[in-house]
Amino acid sequence: MPATVPTLLVSSVTSVLTDSLSGFESLVSGKVLIWLLIATGGYLTVRTRAVQLRLLARSVALVARSRRQRGSLSSFQAFVIGLGGRVGTGNIAGVALAVTLGGPGALLWMWVVALLGMATSFAESTLAQVFKVRAADGIFRGGPAYYMERGLALYGRPGLARLGRWTGLTFAAMLVFSYGLIFPMVQSNTIAVTVQSSHGVATWVTALVLMAVTAPILLAGVRAVARVTEWLVPVMALAYLAVVAVVIIVSAPRVPGVLADVVAGALNLRAGLAGTGGGLFATFLNGVKRGLFSNEAGQGSSPNGAATADVAHPVVQGLIQALGVFIDTIIICTATGLTILLASPQVYTPGVEPDWAETTLVQHALADALPGAWVVWFMSFLVITFAYSSVLGYSSFAEINVGYLGGGSRAGIALRLAMTAATGLGAVVALDLAWVLADVALALMTILNLVAVLWLGRWVFAALRDYDDQRRRGVAEPAFVGVGNPLLPRDVPGDVWTAQRARERVQTLDEG
């Protein structure tokens, strides 16, 4: 009996700590972070004159004609790395939870925050481009840690320079912990549970398979991740959207009524559409939370991928990454939401939460519209690819921040091995405390990033003004010069955005 005392003590302390941190995270996310994200998105939308809407068509065109680069990554590769990190199981389970707890109206609030989040994503990704650096392997590195340090140093005050450095270090350390170690475990756990419940495969078997298919890609580095995600992400997204399109066609007569329910539920115009939470605020809160945390706008993760792109102007990648938010929430989350809302009352009824609401609600909804055993296999494919693409995206984000922390090639290899091990471990164990710690780190990361984006916002507005002015003068492909540019607050340090580099990029575009 005495031998079990230490074990019981550790278990008790761990439980108390988990509950305390979970309460703290809920308070920060629900009472502070949501409103800060909305306010930041609204402010940036106004200051950029709704850049996410007025240049949306150009964003699509920029992605469509992105080409592979000889040096760093192409815009499309950087785009799919970021999209791979955004699009995960939250696009399925998260949306299912939102429309269960918040009713159909939660979907409309997801759209609203996505449109605001596009402006935030544009700003943080543009900053990542402005303050990026070229690494020894020829691939650019950048992100919040970099623009926190390099941006604040330009104020010329030693105190701000030190603040920027320590803020960058803090952000990078929290990102490596959460995205490099814990979130891969969450995704692999989702895969293992799905495969076990649907096909009876033991979790340890899934763990071994995941490590076997993850290790070669992660150990090969960022370029290998980019090569895999540039075909995996489009395939999984298009496959899902194709099936949902069939569901919508089959259920076409009910679509207008469902859309009316979305509007009525969001504005509390009809009783019975408020979800299990009840009331207009519950609908608003569930839609906002799931929308914000699905597209990751403002969290500071995707800018790390955005910085790797070799583009002629920082605004180009800002527009492309904003499109990622649009695809994640307006398209993919909407596809999930409509699939559920079009299901029969036996599957989905606002205000009634079945036991399987968070896990297989989408599967039940698909089977309701398109019966057959194929649904189980398709949903398994969907969950696996969504989660797997997230792990690949996380690896790039974490590796960039390991580099910022001073880690060399050996530290990069150690990170990739640790991520491979974490992917396997997550499939067989549940580490509640570690996951809560990662959620706390994510909340604090987001707050740090949003403050930095707002503080350095003038660089975003100046870069956008430069881009708009060049296009107004008829320049087909605007090129950014960060030295001697009268629109910028100061010269951009380093040799990435010199006039010579701008001429080389324009020449590359002309040759293409």
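This is a short tour of a predicted model, stop by stop, with something to select at each one.

**The whole chain**

Begin with everything shown as a cartoon. The chain has 512 residues, and 56% of them count as buried. Colour by secondary structure and you should find 20 helices and 2 strands. Contacts that span long stretches of sequence are well represented: among those between residues at least 6 apart, 82% join residues at least 24 apart.

**Helix α14, the hub of this tour**

Now select residues 314–341, which form helix α14. Keep α14 highlighted, since the next few stops look at its partners. Two packed helices are described by the angle between their axes and the distance between the axes, and both values come up at each stop.

*Partner one: α19.* Add residues 457–472, helix α19. The axes of α14 and α19 come within 9 Å and cross at roughly 100°. The two helices are therefore roughly perpendicular to each other. Show side chains for Val-315, Val-316 and Leu-319 on α14, and for Ala-463, Leu-464 and Tyr-467 on α19, to see who makes the contact. By class, this contact has 6 nonpolar residues, with no polar and no charged ones.

*Partner two: α5.* Hide α19 and bring up residues 93–102, helix α5. Here the axes are 9 Å apart and the packing angle is about 50°, which makes α5 oblique to α14. The crossing of these two helices is right-handed. From α5, pick Val-95, Ala-96 and Val-99; from α14, pick Cys-333, Thr-336, Gly-337, Ile-340 and Leu-341. This contact divides into 6 nonpolar and 2 polar residues, with no charged ones.

*Partner three: α10.* Next, swap in residues 222–250, helix α10. Its axis and that of α14 come within 10 Å and cross at roughly 35°. Which hand does the crossing of α10 and α14 have? It is left-handed. On the α10 side, select Ala-237, Tyr-240, Leu-241, Val-244 and Ile-248; they meet Ile-331, Ile-332, Ala-335, Thr-336, Leu-338 and Thr-339 in α14. The residues of this contact divide into 9 nonpolar and 2 polar, again with no charged residue. Notice Thr-336: it appears in the contact with α10 and also in the contact with α5.

**Two residues to zoom in on**

Centre the view on Val-316, which belongs to helix α14. Is Val-316 buried or exposed? Val-316 is buried, with a relative accessible area of 10%. Leaving aside neighbours within four places in sequence, Val-316 is in contact with Leu-62, Ser-75, Val-311 and Tyr-467. Try a distance label to Ser-75: the two residues are 241 apart in sequence, but their C-alpha atoms are 8.4 Å apart in space.

Then move to Phe-79 in helix α4, residues 75–86. Phe-79 is buried too, with a relative accessible area of 5%. Not counting residues up to four places away in sequence, Phe-79 touches Val-63, Gln-317, Ile-320, Gln-321, Leu-323, Gly-324 and Ile-327. A C-alpha to C-alpha label from Phe-79 to Gly-318 should read 10.0 Å, across 239 residues of sequence.

**The nonpolar cores**

Select Tyr-240 and Trp-459 together: these have the most contacts inside the largest nonpolar core, which has 131 residues. You met Tyr-240 in the contact of α10 with α14. For Trp-459, the surroundings beyond four places in sequence are Leu-127, Val-130, Phe-131, Leu-154, Leu-488, Pro-489, Arg-490, Asp-491 and Val-492. A second, separate core has 7 residues, including Ile-191, Ala-192, Ala-207 and Ala-427.

**Loops to finish**

Go to Ala-202, in the loop between α8 (158–199) and α9 (203–220). Ala-202 is partly exposed, with a relative accessible area of 27%. Draw a label to Val-428, which is 226 residues away in sequence and 9.0 Å away in space, C-alpha to C-alpha.

For the last stop, select Arg-49, in the loop between α1 (5–47) and α2 (51–54), and Ala-50 in that loop as well. Most residues other than glycine have a negative phi. Arg-49, though not a glycine, has a positive phi of about 55°, and Ala-50 likewise has a positive phi of about 55°.

Technical notes. Residues are numbered from 1 along each chain as its sequence is written. This is a predicted model: local features need pLDDT of at least 70, side-chain atom pairs count only at pLDDT 80 or more; totals for chains, interfaces and linings use all residues. Side-chain values use heavy atoms; hydrogens and water are left out. Axes are lines fitted to C-alpha atoms, for helices over the stretch in contact, and angles run from 0 to 180 degrees between N-to-C directions. Helices (H or I, at least four residues) and strands (E, at least two) are DSSP runs, numbered from the N terminus. Angles under 35 degrees count as roughly parallel, over 145 as roughly antiparallel, 65 to 115 as roughly perpendicular and the rest as oblique. A crossing is left-handed if the near helix is turned anticlockwise from the far one by less than a right angle, and right-handed if clockwise. Contact means heavy atoms within 4.5 Å. Ala, Val, Leu, Ile, Met, Phe, Trp, Tyr, Cys and Pro count as nonpolar, Asp, Glu, Lys and Arg as charged, and the others, Gly among them, as polar. A nonpolar core is a set of buried Ala, Val, Leu, Ile, Met, Phe, Trp, Tyr and Cys residues joined through side-chain atoms within 4.5 Å. Buried means under 20% relative accessible area, exposed over 50%, partly exposed in between (1.4 Å probe, protein chains only).
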